[in-house]
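Biologist: Please show the model that we are to discuss, with its sequence.

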Amino acid sequence: MNLAAVKQIGPGQRRARSLAVIALLLVLLAASVVLATGMGAVAVPPWQTLLILLNRIPGLHFDVPGQYEIIIWAVRLPRVVCALLVGFALGISGAAMQGFFRNPMASPDIVGVSAGASMGSVLAITLGWTLFSPWLLPASAFLGALLATFVTYALATQRGRTETATLLLAGIAVSSFFSSAISLIYHFIDDGVLRQIVYWLMGNLSGKRWEHVTVLFPVVMAGSVGLWAFSRDLNVMLLSEDEASSLGVNVERTKRWLILFVSLVTGAAVSISGMIGFVGLIVPHILRQLVGPDHRWLLPASGLGGALLLVLADLAARTLFAPIELRPGIVTALIGVPFFLYLLAKRRELVRWN
Amino acid sequence: MNRTPLRPAVLFVVVSLLASLACGATGLAFPRTVVDGLGNEVHLETPPRRIFSTGLAMDNMVLTLVDPARVVGVTRFATDPAMGSYVADQVAPHMILVDALSPEYIVAADPDLVLVAVWNDPDSVEQVRRLGYPVYTFTDFNTVEDGLNNLLRLGELTGEEEAAAALVAEFRTRAGRISDLIADRPRPTVLYYNSWGSTVGSGTVLDDVIRYAGGINVVSAMGIEGWPQIDYELILHTNPEVIITDSGEAFVEQLKGDPLLASVAAVQSGKVYHIDHTDALDHRIILAIEQLAEVLHAEVFAGAAQ
């Protein structure tokens, strides 16, 4: 692979195709949001759902039963929007990490970011910070994510150079360390708090309110825009760090910014939903097939793909065995993994790198 | 056997309910404000008539204390005696069955009192609270007294304090009877062990059960608290005279036949027992206490039954 090839994927067919894929994802996402808002434990007729949503447009007013309005507007829609934002965050940070580490195995789960964010969140819950401000949980998760990523990165960096294999190995070690630290906390806390934490760690979107959306939306958007701003640098870094440097990319600086943004986005997502695996790993691989390795397209497409997967997974989790509610993480893994393996079997070169 | 069934308690509830309905006295001291274990105030203008319970412990209590017509939702576990429900016959078709606290179902049932336990998902609890439903959180389930206290609190919330007090009084009478019968008896050492490899130390309902039944819990005697997992070394070291479990008769046989435990006093004398009702979290824990007392002090109970 040479530089000419990277340049080729800018304009032309690839661009038209990427645009089409992103447009399709947007349409599917909009449809899945409507579907997920309309369906749930309590049956609300579709036209009522529509009227309730239209009621939010200033100047319009339709009469709908108050109970339906509460269920759709206060209970279901914020949950669906949270699923969308968390999925977007996991998808885009997964894509960025795979590019940044130049490794198809990289995902927030694997390099320690998720475990660090969990550690931060568990501390915040254990120490009761969540009672003071809704921002303290994501802030603590972000700091945990940043700490974990920083430790991983520092361990693997010598004389200004970061060895990717060492970095992954360090990430797995740091992950294990934080997971064990969480388990250690289990032994010293109240039964009630323990159950809350276990409940939260298993990944869960129940009870999400507009407040959570208010916290999640600006952080995920800011972090995503930040990641996207580095998409050209990510493209060049795919070649090799030496070539990237010779092309004028300040590799170490870029890595530091990418770590910061990935921690921000993942920390926000984990603090709201707990651990939801596989989205960050699988979605970027599927979309790399569709839009190619250019991060300018791959990052937003992976975000949208992650959002679509999680909105649908949460819908399935809520409705498949109602009133029993599954963990959305179970569904993302049960649906996502077979689909991923199907693609892998169909195209052995699925992990088509650049 | 000197055991009174729980029926009189149920009868008492029904009678007192009818009596209170008859003279319209249920609302005697309403409006009232009750403070829950988290310090949240629950204000009730009238006795709640649409109660939603989101945990089996509360299902068991609420369906014992109040007319099922006043309950709009319980957990699906309440329908199944095998899951630890004592009130399966009180679950009525009009009730919504949930797996756990789920805001959508709460809104659909439009309750005037929601009972939650401290381990319910905090986000869901907060959402229900913000939607304006009165939420009462039960926080303590760690001792027999916690269970009795929860029952009294629920009585206060529902306006059924007399029925709750009667159930607690019945517990104390029956526990007192055991205490009298075994007053002069030596206290055997007891160890609880289940198929998860866990035991119980101090600060647990089962530690209380062993004490009420006239035994000494060797684990809490060592200063161990809570529900730790232990290995066989601790069983050999403490060498209890009796081992109890709630993991079933097959597990009892497994322990008795385990060559590693062959030297333990309880195994040598065959005093390994399965005890029922160990997961009762209210006045019904007396059933476990009575069952255990009868195996720990079989002689006096055999005499008392004649």
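The questions below concern a strand and its partners, followed by an interface.

Modeller: This is a predicted model, in which local features need pLDDT of at least 70, side-chain atom pairs count only at pLDDT 80 or more, and totals for chains, interfaces and linings use all residues. Residues are numbered from 1 along each chain as its sequence is written, and chains are lettered from A and ligands numbered from 1 in the order in which they are written.

Biologist: Is strand β4 of chain B buried or exposed?

Modeller: Strands are DSSP runs of E with at least two residues, numbered from the N terminus. A residue is buried if 20 or more other C-beta atoms, placed from the backbone, lie within 10 Å of its own. Five of the five residues of β4(B), residues 71-75, meet this criterion, so the strand is largely enclosed by the rest of the structure: it is buried.

Biologist: Which residue of β4(B) stands opposite Ile51(B)?

Modeller: Strands pair if DSSP finds at least two bridges between them. Two bridges join β3(B), residues 51-53, to β4(B), and the two run parallel. Opposite Ile51(B) in β4(B) is Val71(B).

Biologist: Which residue of β5(B) stands opposite Gly73(B)?

Modeller: β4(B) is also joined in parallel by three bridges to β5(B), residues 96-98. There, Gly73(B) faces Ile96(B).

Biologist: Which element gives the largest share of the side of chain A that touches chain B?

Modeller: Contact requires C-beta atoms, placed from the backbone, within 7 Å, and it links 21 residues of chain A with 22 of chain B. Two or more residues on the chain A side come from each of α4 (66-100) and α8 (191-201). The largest share, six residues, belongs to α4(A).

Notes: Buried ≥ 20, exposed ≤ 12 C-beta atoms within 10 Å, placed from the backbone. Helix = DSSP H or I, 4+ residues; strand = E, 2+ residues; numbered from the N terminus. Contact = placed C-beta atoms within 7 Å.
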